[in-house]
Amino acid sequence: MNRLFRVVRALEGLLGRAWGRFGARVSLFLDICAMFHRLLLGAFIGPPCVGLLFRELCRQVYFTAMRRAYILVFTSLMLGMLVIVHATQQLVKLQGEEFVGWLLVTIVVREVGPVWAAFFVLLNSGGAITVEIGNMSINQEIRALKMMGIDPYRYLGVPRFWGITISLLCLYILCVFTAIIGGYLFAQAFAEIFWAKFWLSFVNALQWIDLSVGFAKTTIFAMLIATVSIYFGFSCRVNVDEVARNTSQAAIWSLVLIGATDIILTAAYYL
Amino acid sequence: MLHHALNLDMVTLPRDSAWPGPLSLAVAFNEVVLIEGAGLAESLPLLDVAATLASPASGHVRHWGRDAALRRREKLYRLRRRIAYISPRQVLLHLITLGENIALGPCYYQGCSEAEALAPHADLLELLGLNTHLTQYPPQVSAAIYARAVWARELVKGPELILAVIEGDLATTAGAARLAHVLRDHLARNGAAALLLGESLEAFYPLGHRLFRLEAGQLRKQTILEHRARPLTAYLPLI
């Protein structure tokens with residue numbers, strides 16, 4: 001009886017802890033949702049400081065989309081080539097070269113392109129935003145902003161949020177174009193599929209719905225990355241260790257949310 | 001209560017502070033209250049609460065008759081625009097220049113450029129000796145200039161209530177004299193209530209209306225010698 005009682009107590013403890021952790025995750029998720037709402041509307045509510053916010057937004061776009069865009073160009077070329085190298089070997093054997101375009105549309109435009117660009121932005125800017133805002137928070141700069149009567153979420157968060165969104169949309173377009181060029185170069189060099197045929201196949205396969213899904217995914221991924229990074233930046237309060245911990249947490253949360261959203265949107269597309 | 005810029009009503013500060021009992025203190029419009037004998041440990045918890053950056057453990061903090069705790073976020077930001085809070089813990093944003101730091105508030109609220117924001121305050125910047133440092137970044141300047149830039153940033157807001165701790169470089173004879181001059185000029189032009197705390201505030205006696213001395217967590221009223229023969233007309237705005 002005594003042993004049974006102890007087992008029940010231990011089970012209770014385990015369940016309690018699991019429930020507590022689950023509750024903490026749900027609470028965190030709701031906090032992130034609240035932050036998303038605040039950032040989305042922040043640009044339109046508050047004093048008319050368009051110039052100031054626009055300057056910060058331009059800085060963010062430059063940092064995210066322009067400074068290291070050549071890396072994305074290079075990796076997207078590789079992506080296009082990889083798609084073609086695996087596909088053409090089989091398609092040429094089956095006389096199915098016209099499916100090259102369809103393959104590129106499905107993989108690059110609709111599925112991998114948005115995720116590829118999102119990963120680039122997550123690595124390039126997501127962590128940087130968390131560290132920057134986290135350090136400002138720890139150095140009491142957020143407090144100074146509050147004392148100046150400036151909403152720190154609006155001044156620091158909103159330009160970064162929209163900057164990341166605009167940047168990711170631009171980078172997605174760049175990624176798709178370079179992947180197509182990469183695919184074409186490889187297709188011509190190794191499978192002797194020439195430009196006219198390649199382009200015709202791609203244009204025939206491309207539909208508005210593919211582009212819409214690509215852009216929708218990109219926009220949502222960008223907003224997720226920005227919201228999570230900004231949220232974890234503002235969550236730093238005590239010391240520098242917290243900044244490191246929150247940066248890694250922000251990356252993991254972004255990955256999880258991007259994955260979940262991608263599955264939901266893809267499933268919605270096929271339904 | 002409406003004629004008070006700041007009213008601390010039976011306020012208990014957070015437990016770890018150096019104020020053991022509930023505190024009641026009112027600062028009227030255009031009144032300058034000095035509290036001597038207050039070091040950083042005593043000043044910061046009190047001013048954090050007075051500036052609405054921290055909540056009191058109990059009691060009410062009222063600004064111009066309204067309880068700060070009842071205000072919504074956006075209104076709280078607007079309230080802070082009317083309050084200048086200067087302490088060694090107040091920092092400048094390190095990624096922008098001193099000029100941008102000082103002009104940030106007006107730029108945010110009025111949507112103007114940095115030059116437009118600073119132009120009406122050229123005299124203040126001149127008095128604080130900041131004109132040659134406006135293009136420098138905060139980590140590049142000395143502690144004295146940094147502290148003066150914090151004063152400039154807060155005074156540029158055109159505050160109606162000034163909460164300040166006089167400490168560090170600004171507590172030296174030269175620093176305090178310069179600051180007293182700046183404050184006198186600001187109060188004469190714009191008029192504001194002020195609550196100044198520090199170990200010694202002798203340089204500010206000519207500005208002060210009331211002087212307290214902090215002893216064992218209690219405020220004891222003192223007479224400002226310079227004010228013995230003060231005419232009653234000086235108190236008319238308080239009636």
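Biologist: What is the mean pLDDT of chain B, and what share of its residues reach 70 or more?

Modeller: Good place to start, since this is a predicted model. Where pLDDT is low, the predicted coordinates should not be read in detail. Here, chain B has a mean pLDDT of 85, with 91% of its residues at 70 or more. For the complex, the predictor reports an ipTM of 0.84 and a pTM of 0.85.

Biologist: Thanks! Next, the core. Which residues touch the most other members of the largest nonpolar core?

Modeller: The general idea is that nonpolar side chains tend to be buried together in soluble globular proteins. In this model the largest nonpolar core has 134 residues, and those touching the most other members are A:Val121, A:Ile225, B:Ala50 and B:Leu163. Helix 6 of chain A, residues 152–191, supplies the largest share of this core, with 17 residues.

Biologist: Which residues does B:Ala50 touch, leaving out those up to four places away in sequence?

Modeller: Its contacts are B:Leu6, B:Leu8, B:Val61, B:Leu163 and B:Leu195. One of these, B:Leu163, is itself among the core residues that touch the most other members.

Biologist: Now a helix. Where do the buried residues of helix 7 of chain A fall, seen down its axis?

Modeller: First pick out the buried residues, then look along the axis. In helix 7 of chain A (residues 195–205), the buried ones are A:Phe198, A:Ser201 and A:Phe202. They fall within an arc of 95° when seen down the axis, so they line one face of the helix. On the face turned away from that buried side sit the exposed residues A:Ala196, A:Leu200, A:Val203 and A:Asn204.

Biologist: And for strands, is the pairing of strand 3 and strand 9 of chain B parallel or antiparallel?

Modeller: For each pair, check the direction and then the bridges. Strand 3 (residues 32–36) and strand 9 (residues 210–215) of chain B are parallel, with four bridges; B:Val33 has B:Arg210 as its bridge partner in strand 9 of chain B. Strand 9 of chain B also runs antiparallel to strand 10 of chain B (residues 218–222), joined by five bridges. There, B:Arg213 is bridged to B:Arg220. The hairpin of these two strands has two residues between them, and B:Ala216 takes a positive phi near 50°.

Biologist: One last residue: why is B:Ala176 called partly exposed?

Modeller: Count its neighbours. B:Ala176, in helix 7 of chain B (residues 173–190), has 19 other C-beta atoms within 10 Å. A buried residue needs 20 or more, and an exposed one has 12 or fewer, so B:Ala176 is partly exposed. Its C-alpha atom is separated by 12 Å from that of B:Leu128, which is 48 residues apart from B:Ala176 along the chain.

Terms used:
Residues numbered from 1 in each chain as written. Chains lettered and ligands numbered in written order. Predicted model: local features only at pLDDT ≥ 70, side-chain atom pairs only at ≥ 80, totals over all residues. Core = buried A, V, L, I, M, F, W, Y, C linked by C-beta atoms within 7 Å. Contact = placed C-beta atoms within 7 Å. Arc of directions from axis to C-beta. pLDDT = per-residue confidence, 0-100. Pairing = 2+ DSSP bridges.
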